[in-house]
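Here's a walk through the model you're about to see, starting with a backbone oddity and working outward to how the two chains meet.

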There are 2 protein chains.
Amino acid sequence: MSLITGQNFIGGQRRADGSIIVKSVDASTGETLPYSFHQATPQEIDDAARAAACAFPAYRSLSAVKRADFLDAVAEELDALDAEFIELVCRETALPAARIQGERARTSGQMRLLANVLRRGDFYGARIDRALPQRKPLPRSDIRQYRTAVGPVAVFGASNFPLAFSTAGGDTASALAAGCPVVFKAHSGHMATAEQVANAILRAAESCGMPAGVFNMIYGTGVGEALVKHPLIKAVGFTGSLKGGRALCDMAAARPEPIPVFAEMSSINPVLILPEALANRAEIIAKELVASVVQGCGQFCTNPGLVIGIRSEAFSAFQASVATLINDQPAQTMLNVGTLRSYNDGLQHLHAHPDIVHLAGSKQQGNQAQPQLFKADISLLLEGAEILQEEIFGPTSIFVEVADRVQLNAALNALHGQLTATLIGEPDELLEFAELTALLELKVGRILINGYPTGVEVCDSMVHGGPYPATSDSRGTSVGTLAIDRFLRPVCLQNYPDSLLPDALKDANPLNILRLVDGYPSRDTL
Amino acid sequence: MSLITGQNFIGGQRRADGSIIVKSVDASTGETLPYSFHQATPQEIDDAARAAACAFPAYRSLSAVKRADFLDAVAEELDALDAEFIELVCRETALPAARIQGERARTSGQMRLLANVLRRGDFYGARIDRALPQRKPLPRSDIRQYRTAVGPVAVFGASNFPLAFSTAGGDTASALAAGCPVVFKAHSGHMATAEQVANAILRAAESCGMPAGVFNMIYGTGVGEALVKHPLIKAVGFTGSLKGGRALCDMAAARPEPIPVFAEMSSINPVLILPEALANRAEIIAKELVASVVQGCGQFCTNPGLVIGIRSEAFSAFQASVATLINDQPAQTMLNVGTLRSYNDGLQHLHAHPDIVHLAGSKQQGNQAQPQLFKADISLLLEGAEILQEEIFGPTSIFVEVADRVQLNAALNALHGQLTATLIGEPDELLEFAELTALLELKVGRILINGYPTGVEVCDSMVHGGPYPATSDSRGTSVGTLAIDRFLRPVCLQNYPDSLLPDALKDANPLNILRLVDGYPSRDTL
């Protein structure tokens, strides 16, 4: 593990101009860790954005294979981080070592998967319409299109994934893959972790000969605002709270030059349990559901916060089983004091609500989060009451009983946008309830059948996105290879001599990529 | 031609609840036309959005082939509009009949091209990652992704293209192709035209059995605001002024649920003329350039508003030739009084500026637009002076001389985002100045070599977009088949039984589309 200096990463240099010091804490003990992080000064924030902008033309123009090599090198460096590093991450987040090791593998795997996308070349979206000089009434010029990077991207890491959604996480990986230099704002919850990962990225950047400002990182409170407002920043990636994400969206939209923000924010991830499944395997479902609710202390964006079933004796019995299991779950340490405070506040709102009943869970007190179970009246869902739509970040879930199928559809219609929705059902009844999947498609980014939403596979087909407030733009995803699309824009090149075309569009197709040529996919040379 | 009633189109019905009447005028004479359009009431606006939302689930779920048939039927109906219709459009816009006929062919061609995209199926973005039940440490579920419609779209037509960027224009065509019902706000400059086209769309919708609210249209001033703020509207397409587009973007961003806006707004479309080309063919370039400046009275988004060259005797001589040609160009009638007034205002600003010289053009007066030529000091470009960056809509252009290649690069760096940039050069010098295309890629949506920006081909490779303020989101285009992407979002389906999957993702690949299967493009059945 390298020395932790607490200095900002700007254009390949370390800088500590400012006098405001921020500290990281041991998430389990609350003890201040012996590192001092220098909050970036306005000048440093400006310099970080400038360094990224300065690196941009060269970095964007690198061959995709070179960028792929860089991402692979980052993956190598991440995998090479030692046991002391894992221990450090655990200290800052109170997450267990096995989880951190798994998350590290996911993070490096994500880099490698995006490297594959760069080598595969489909991200270019290469299209060629050849000239039609004889066309009447007007000839057509040779017209070609490919996609290139939007510009420097500001990335805000998440508290709950110190690796996979942070310094070298999905937003950074997809921005770097797209050809966008990054200015990363280190999360206050794991700044020492961020520094180690930033060092790993810089080692890879140096060994691969990347431009100095390809990756920058700043520390501090309130530095994000200046970053999002900086004229040289051209897009933003964020994972966090609805309040924080919306604030960034509003700032970005109000700039003289508005920029796109992809903010992954708030989701309650409804789980629908259908009658036959309940009749056949209520006990297994109860166990699996509770495991999903308390996994990682419920600190997942895809945590199942709402369980919906059709009123019946079986559903009541199921509810009772889940309540018993929840009572058996141990308290867990949360990521940080702020998270625990929010969890406390969320629970208090639920306890105080006249139409919500507490079903299970030890009294929430002390330094750890107690798993909880509630039940809300269906009217709250149908009326779109905020209390049911807001994510409570932590190991808790809320049951809602609907009277019948008609009310079930009405309840789903009343839901806000979600990252996921889950259907638990037997094969026959899934077909019988086929209207549910159609309805849920309008509401969510991902629908799971007979699975649980916690656990987001990093692959080509994943969508970790969804309609507002799950994210700020339902057209994007922050996990999976499609994440790169958020940071690419198309450019059209008309009547170019072959030698001036990028490789992706040259007649000879030197990259051997699949292109849309005169309306047909082809790898042929022209 | 059908009877013009001036009633709003809502959910397949005609409605005229309101008492505010708006009138269309003859663009050449200023005479009020004998049609009365009923401004939509707040209730009618609400009903239009509701009609679109009501049609959405069914329309989205139609097979792409059915939507393709609908677009083809719209194309047929447009092509079948009679001579009286063409005459009406000419009256409302003062555009010549040949231009309107050409624009109509482009508009129906655009519908047919998008129908092809629907049949081709690549818009689905189908991706499949098959289950890996034996994977360690964790098995992988079957995960599939396709793209579906974002929801009802509000479309604002442009003044300058009464057909191709209006009622059945590119935004409407790409929204309908994506599976999004449309609420179209008729442009005040050609409401009778809009009504005829809306009737054509509805005839096609009826003959194809489309849901009633698939296309809606409202008339009136100020009705756009309520439309953009309506909670059931999920995206906006706009072509028009920077001021208008930005206002819509701000409204959309400030909604409780922000929605994406694609606004195509302001561009001065710089043309760079390199020395050798000037030495070899100055006269031809001068003629072609002037033709591009005055084409359609300069009322194109891609009108060349800025001509840049390196200071030399040849460039001075070229400037003089262009000035002579501009003096020879006849005055033309503009689209409407508002456009002429804006043109007047723009010219007055140029005349009044101490660092801008008037080179050619008769005194601007009367009811027509006089072509004009100006020359601005390079300092204005280098300092980013607003007067040079703002589009002056009409037959005028501004010359700027740079001292040398270094200053040329500095000038291009100072440009705001543009729809297009054009390079006129000989083959050798284009290579010698290769840094220009790299630099321009950062600034524009389309680069043309040895062509002129007016004239936007509708094809797979076209980009009619670009960085702000050319558009509100450089990741989109409003012309060409990629325009459909603005209105699609990805959805991930995990562990689905085959029978519940959409056809695009079924094992048997019944649509025979190209899909990304386990990382490889394939049409195979699974």
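A:Asn512 counts as exposed, because 10 C-beta neighbours sit inside 10 Å. The cut-offs behind that word: a residue is buried if 20 or more other C-beta atoms lie within 10 Å of its own, exposed if 12 or fewer, and partly exposed in between, with C-beta atoms placed from the backbone. You'll find A:Asn512 in the loop between β21 (488-494) and β22 (515-517) of chain A. Its phi is near 55 degrees, a positive value in a residue other than glycine.

A quick word on what you're looking at: this is a predicted model, where local features need pLDDT of at least 70, side-chain atom pairs count only at pLDDT 80 or more, and totals for chains, interfaces and linings use all residues. Residues are numbered from 1 along each chain as its sequence is written, while chains are lettered from A and ligands numbered from 1 in the order in which they are written.

Now for another positive phi, this time in chain B. B:Asn450 has a phi near 50 degrees and is not a glycine either. Is B:Asn450 buried or exposed? B:Asn450 is buried, with 20 other C-beta atoms within 10 Å. Its home is the loop between β20 and β21 of chain B. As background, most residues other than glycine have a negative phi, and most peptide bonds are trans.

There are cis peptide bonds to look at too. The bond from A:Lys136 to A:Pro137 is cis, with omega near 0 degrees, and A:Pro137 belongs to the loop between β5 (127-129) and β6 (143-149) of chain A. In chain B, the bond from B:Tyr468 to B:Pro469 is cis, with omega near 5 degrees. B:Pro469 lies in the loop between β20 and β21 of chain B.

Stepping back to the whole chain, chain A has 16 helices and 23 strands. Helices (H or I, at least four residues) and strands (E, at least two) are DSSP runs, numbered from the N terminus. The radius of gyration of chain A is 25 Å, close to the 24 Å that the globule rule gives for 526 residues, so chain A is as compact as a globular protein of that length. That radius is taken over C-alpha atoms, and the rule is 2.2 Å times the number of residues to the power 0.38. Along the principal axes, the C-alpha atoms of chain A fill a box of roughly 75 × 65 × 40 Å. Of its 526 residues, 60% count as buried. Among contacts in chain A between residues at least 6 apart in sequence, 75% join residues at least 24 apart; a contact here means C-beta atoms, placed from the backbone, within 7 Å.

Next, some packing inside chain B. Helix α14 (residues 405-414) has B:Leu408, B:Ala411 and B:Leu412 buried. Seen down the axis of α14(B), the buried residues fall within an arc of 95 degrees, so they line one face of the helix. The arc is that of the directions from the helix axis to the C-beta atoms. Those buried residues pack against β13 (306-310), α12 (378-382), β18 (396-402) and α16 of chain B. Strand β19 (residues 418-424) of chain B is mostly covered, with seven of its seven residues buried.

Here are some strand pairings (two strands pair if DSSP finds at least two bridges between them):

| Strands | Sense | Bridges | One bridge |
|---|---|---|---|
| β12(B) and β19(B) | parallel | three bridges | B:Ile273 with B:Ile424 |
| β19(B) and β20(B) | parallel | five bridges | B:Thr420 with B:Arg446 |
| β20(A) and β21(B) | parallel | three bridges | A:Arg446 with B:Cys492 |

The β20(A) and β21(B) row joins chain A to chain B. How many residues does each chain bring to the contact? Chain A and chain B give 63 residues each. On the chain B side, β21(B) supplies the largest share, seven residues. By class, that side has 33 nonpolar, 17 polar and 13 charged residues. Nonpolar means Ala, Val, Leu, Ile, Met, Phe, Trp, Tyr, Cys and Pro, charged means Asp, Glu, Lys and Arg, and the others, Gly among them, are polar.

As for symmetry, a turn of 180 degrees and a shift of 0.0 Å along the axis lay chain B on chain A with an RMSD of 0.0 Å. That is the relation of a two-fold axis. The copies are superposed by least squares on the C-alpha atoms of residues with pLDDT of at least 70 in both. Of the residues of chain B, B:Ala253 comes closest to the rotation axis, at 3.2 Å (C-alpha). The copies meet through the same surface, because 100% of the interface residues of chain B are also interface residues in chain A.

Notes. Contact = placed C-beta atoms within 7 Å.
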